[in-house]
Structure formats: structure tokens, C-alpha cells
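Visitor: Please choose one part of this model and take me through it closely. I am new to it, so explain the terms as you use them.

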Amino acid sequence: VFISYAHKDSERVLSIIEAMKSEGIPLWYDEGIEAGSEWPEYIAEKVMNCSKFVLFISNAYLASQNCKRELNFAISRKKDILSVHLEAVQLSPGMEMQLGTYQAIFRSRFADDATFHKALAEEHFFDNCIPGGRKNVTPPVTKPQTPYQPQQTQPTYPPRPQQPQQPYQQPAQPAPQPIVAPAEDPDDLPF
């Protein structure tokens, strides 16, 4: 699982990472990159090789060009993405469009950090990442799918009473009227 976060959020994110590690979720974040490493190449390789991509959204994240590059690369590689909203943020229309189809979890919906960390670490998004699977986890609740039933598109009406049909008769045409030329006005005649 690739972790994408803004370094300004390190204190908050690292405590969440510890909770996730305690659940057995294998994570990678930018700790311990060797000095002199080609940073973009190293990060790109880690994103390409991850099965899941988790981004920690904050105002600092949205201001970071490196974070946005990581996200764009993950989207282009069709990675499974989970956005973790650390705080209330105003997403730009472009960012909203990019993240609108992915799963999200919001810190503000939990009473405290401990409850939030536990809920995130137990998120079913991570189920297939844990070697040997999870222990004592309730499977996600899914609603049974009802088969598609096409709807009737035309209304039904009660049958009309049958009336005897009359043979077609062409309507009578009025008699043509003669065309009468207007009388000439003697004042209009040339002299």
C-alpha cells in the first residue's frame, strides 16, 4: 500500500500509519529513501508496484505539487485509491472530478483519533493486502442484487368498443365560383 501525504502532515499521518501497521497492512511511505536517489524515479517505481494507493488529504496536500503528481500517476496506472480526509478542505473542480469516483473516509465523522485510526485500519479496502488475511473481521454488508426487470414503456388502455366501419366517402366539394374582374374606375383610364 503506497502512502501519499504532505510532509507538513507527518505528525498526524505517522500515528495513523502505526495503527495500520498494527493491523498487519503492508505499507510504503517515503521514509528511508537513500540520499542521492533519483526521487521521481524511486517514487514512480513504488507507485507502479503498489496494489493500493492511499492519500491523506489536507490543505497542505492540495498545495503540494509532488503529492498531486503521485496521485495523477496512481490514477493513470489504474490503482485502487482510498482518500483519507484529515480535515475539511475545498477541492478544486479538477480534484473533485478525479477523486469523485473513489472511496473516501473522513476524520471529521469520528469522535476521536483512536476511533478514526481503528476504523481506517479495519477498512475493507485493505482486506486483500494482508498476508494470510484478516483475523476476526466481519465481512462487508452487501445488499442482494435484484435481477433487472425491464419496465413497460407504453401505457395500457382498456379496449375500445368496436364500431362498425363506414366506407370512406370523399367530402363534397363546393361549386367553383366565377372569377369576376373588378369594374374599372373611369378616373383611372388614360385620356
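Guide: What follows is a close look at helix H6, and then at a residue in the loop before one of its packing partners. The model is predicted, so local features need pLDDT of at least 70 and side-chain atom pairs pLDDT 80 or more, while totals for chains, interfaces and linings use all residues. Residues are numbered from 1 along each chain as its sequence is written, and side-chain values use heavy atoms, without hydrogens or water.

H6 covers residues 113–121 (helices are DSSP runs of H or I, at least four residues; strands are runs of E, at least two; both are numbered from the N terminus). Its buried residues are Phe116, His117, Leu120 and Ala121 (buried means under 20% relative accessible area, with a 1.4 Å probe and protein chains only). Seen down the axis, these buried residues fall within an arc of 125°, so they line one face of H6 (the arc is taken from the directions from the helix axis to the C-beta atoms). An α-helix has 3.6 residues a turn, so residues three or four places apart point the same way.

The buried residues of H6 pack against helix H1 (10–22) and strands S2 (52–57), S3 (80–85) and S4 (103–106). At the N-terminal end of H6, Asp112 acts as a cap, with a side-chain oxygen 3.2 Å from the backbone nitrogen of Ala114.

Of these partners, H1 leads on to Asp9, which sits in the loop between strand S1 (2–4) and H1. Asp9 is buried, at 6% relative accessible area. Beyond its neighbours within four places in sequence, Asp9 is in contact (heavy atoms within 4.5 Å) with Ser58, Ala60, Tyr61 and Leu86.

Note on methods:
Buried means under 20% relative accessible area, exposed over 50%, partly exposed in between (1.4 Å probe, protein chains only). A polar contact is a pair of N or O atoms within 3.5 Å; within protein, one must be able to donate a hydrogen and the other to accept it, and residues adjacent in sequence count only if both atoms are side-chain atoms.
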